[in-house]
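Open your viewer, switch to a cartoon view, and get ready to click along. We will go from stop to stop, selecting a few residues each time.

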Amino acid sequence: MKKPLKYLAIAFSVFTLVFTACEKDENIDDTSNFQEDMIINMNNLDNRTLVTDADLLEAISALDIDAGIVSRGDFHLPDGTIEERIYIGSDITFTFEDLNDLIGGGAEGRQYSTYNLVEGAYLTIDILGYTGGSQALSSKARTALQYAVDNYNNLNTTLQFNLTFGTNHQAADMVVYDNTVNNPNGTGGVAGFPNSSGQPHKYIQIYGIEQFSTNVNEHVITHEIGHSVGFRHSDWFDRASCGSYNNEGQGSNGAVHIPGTPTGTDVTSIMQACFSTSADGEFNGNDITALEYLYSQSTSGPCDGVPAWNSGTSYSPGDRVTYNGSLYERTSSGWNYLGPCN
């Protein structure tokens, strides 16, 4: 029996420690309590306050990200701190600062990425499995987080996750914690997108998934980390995996097709908006293609970005050109050979 579980996705702002890799246990936990064909409603007001400000609603509508019900409500951080945030439907939430950054942004316009990706020094991500108090990860969730981190670190990308477990969430680049205590009726996870500074999204919540297998927990966490490094749902254009056919829109976060991946529905992608209880928590081939395309290992050479020599161009000392597969630099007396391009 299959039950699609819905992810939550939020957008807001965003360590180098050694982790010990685990070999994934092939045993599947008991899933006998699954209900059949249940869809999680992602457009509930719950206990939040409906937003009625016309200017704010118009600005959010202009983002074209399937606004649904717009509300204000509490967002719980792992130390118990509560922030007021804007919720769009039940599955997207923004700090007011993040929302202001998004309003007025441009959009172009499957795997799909947002415009913001993790960059520079932030490509090494210290990820913390939170173990403190009522929002601590269970033993199952910690194992699932290790599997999820292994999923990413086993690929040929520039992303490197360094996993530890503890309570110092302030020092971490990414924090995974269980927020079931504050969302007892929910099932899934909450994540967001990288910011414009190239930092990954920081706080990842899971909730209501302890009842499911370790593989399902791995799937949810791997999926939410995917959002945090810049991936939207692979079925963002119709949410077909949820049966709702509700276009999330391109919005100012952008939904940019990644070469080499499908432009239609990819039913086994880990980035599908909804998933079944048979999920194994692993990337499919298109997920791997997307990650290795956006975060490819550098293959740059000394001639990358250097223009070819042009007889009609006037060059000054210090200018560089390529000629017949080699790199040259202009000097006051001629051209200095710097070496082959490869």
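## A tour by selection

Start by selecting G230: this residue follows helix 4 and has a positive phi, near 115 degrees. Helices (H or I, at least four residues) and strands (E, at least two) are DSSP runs, numbered from the N terminus.

Before moving on, a word about what you are looking at. This is a predicted model, in which local features need pLDDT of at least 70 and side-chain atom pairs count only at pLDDT 80 or more, while totals for chains, interfaces and linings use all residues. Residues are numbered from 1 along each chain as its sequence is written, and side-chain values use heavy atoms, leaving out hydrogens and water.

**Helix 4.** Now select residues 214–228. At 1.5 Å a residue, these 15 residues should span 21 Å, and the end C-alpha atoms are indeed 21 Å apart; the expected span is 1.5 Å times one less than the number of residues. Is helix 4 largely enclosed or open? Here 15 of the 15 residues are buried, so helix 4 is largely enclosed by the rest of the structure. Buried means under 20% relative accessible area, exposed over 50%, and partly exposed in between (1.4 Å probe, protein chains only).

**Strand 12.** Next, select residues 203–207. Both faces of this strand are covered: Y203, Q205 and Y207 are buried on one side, and I204 and I206 on the other. Add residues 174–178 to see strand 10, which pairs with strand 12 in the parallel sense over four bridges; two strands pair if DSSP finds at least two bridges between them. Within this pairing, V175 has Y203 as its bridge partner. Then add residues 188–191, which are strand 11: it runs antiparallel to strand 12, joined by three bridges. Look for G188 opposite Y207.

**The cores.** Show side chains for I127, L159, F161, I225 and V229, which have the most contacts inside the largest nonpolar core, a set of 37 residues. Helix 3 gives the most to this core, with six residues. Apart from it lies another core of 11 residues, including Y87, A172, V175 and Y207. A nonpolar core is a set of buried Ala, Val, Leu, Ile, Met, Phe, Trp, Tyr and Cys residues joined through side-chain atoms within 4.5 Å.

**Last stop.** Finally, select W335 in strand 17 (residues 334–340). W335 is partly exposed, with a relative accessible area of 33%.
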